[in-house]
Amino acid sequence: FGRIPKDEIPKIRRKLDSLTFENPITQYEHSLSHSGQERPRWVRWIHRALFDGQENIVEYQAVGFDVTDIHHRTEEL
């Protein structure tokens, strides 16, 4: 999926900081532009916090999905 754009990092940190034992999952999308590309690629990320017995975050899981086709079809409509 390439590298995360620097201007997206603060938003990602806020999303991760918002995770709690009661609300352990968040998601967001961002575009990735590469030189020579006509249109950007879009990635949807889902982050999940994993907790220990005292409800402290001990690990994060992240999964990225390429949702470019969805965005391009929406633009065409």
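**A three-stranded sheet crossed by a helix**

Strands β1 and β2 run antiparallel and are joined by 8 bridges. Two strands are taken to pair if DSSP finds at least two bridges between them, and the elements themselves are DSSP runs, numbered from the N terminus: helices are H or I runs of at least four residues, strands E runs of at least two. The model is a predicted one, in which local features need pLDDT of at least 70 and side-chain atom pairs count only at pLDDT 80 or more, while totals for chains, interfaces and linings use all residues. Residues are numbered from 1 along each chain as its sequence is written, and side-chain values use heavy atoms, with hydrogens and water left out.

Within the β1-β2 pair, H30 stands opposite V43 of β2, and I25 has R48 of β2 as its bridge partner. The next pairing, between β2 (residues 41-51) and β3, is also antiparallel and contains 9 bridges. Here I46 faces V63 of β3, and A49 is set opposite Y60 of β3. Together the 3 strands form an open sheet in the order β1-β2-β3, with antiparallel pairing. Its edge strands are β1 (25-32) and β3 (57-66), each of which pairs on one side only. On average, neighbouring strands of this sheet are turned by 25° against each other, direction ignored; axes here are lines fitted to C-alpha atoms, for helices over the stretch in contact, and angles run from 0 to 180 degrees between N-to-C directions.

The hairpin of β2 and β3 has 5 residues between the strands. One residue to look for in this loop is E55, whose phi is near 65°, a positive value in a residue other than glycine. As a rule, most residues other than glycine have a negative phi. E55 counts as partly exposed because its relative accessibility is 42%; buried means under 20% relative accessible area, exposed over 50%, and partly exposed in between (1.4 Å probe, protein chains only).

Turning to the whole chain, 2 helices and 3 strands are found, and from the N terminus on they follow the order α-β-β-β-α. The radius of gyration is 15 Å, well over the 11 Å that the globule rule gives for 77 residues, so the chain is more spread out than a compact globule. That radius is taken over C-alpha atoms, and the globule rule is 2.2 Å times the number of residues to the power 0.38. Along the principal axes, the C-alpha atoms fill a box of roughly 50 × 25 × 15 Å. Of the 77 residues, 23% count as buried.

Helix α1 (residues 9-17) lies across β1, β2 and β3, and runs at about 170° to β1. The two faces of β1 can be told apart: T26, Y28, H30 and L32 make up the covered face, whereas I25, Q27, E29 and S31 make up the uncovered one. In a regular strand the side chains alternate between the two faces of the sheet.

The largest nonpolar core has 9 residues, namely I12, L16, L19, Y28, L32, V43, W45, A49 and F51. Such a core is a set of buried Ala, Val, Leu, Ile, Met, Phe, Trp, Tyr and Cys residues joined through side-chain atoms within 4.5 Å. Elements α1, β1 and β2 each supply at least two residues of this core, and β2 gives the most, with 4 residues. Leaving aside neighbours within four places in sequence, the core residue L16 is in contact (heavy atoms within 4.5 Å) with H47 and Y60.

A last stop is I25, which lies in strand β1. I25 counts as partly exposed because its relative accessibility is 42%. Not counting residues up to four places away in sequence, I25 touches L19, I46, H47 and R48. Between I25 and Y60 there are 9.7 Å in space, C-alpha to C-alpha, and the two are 35 residues apart in sequence. Across the chain, among contacts between residues at least 6 apart in sequence, 36% join residues at least 24 apart.
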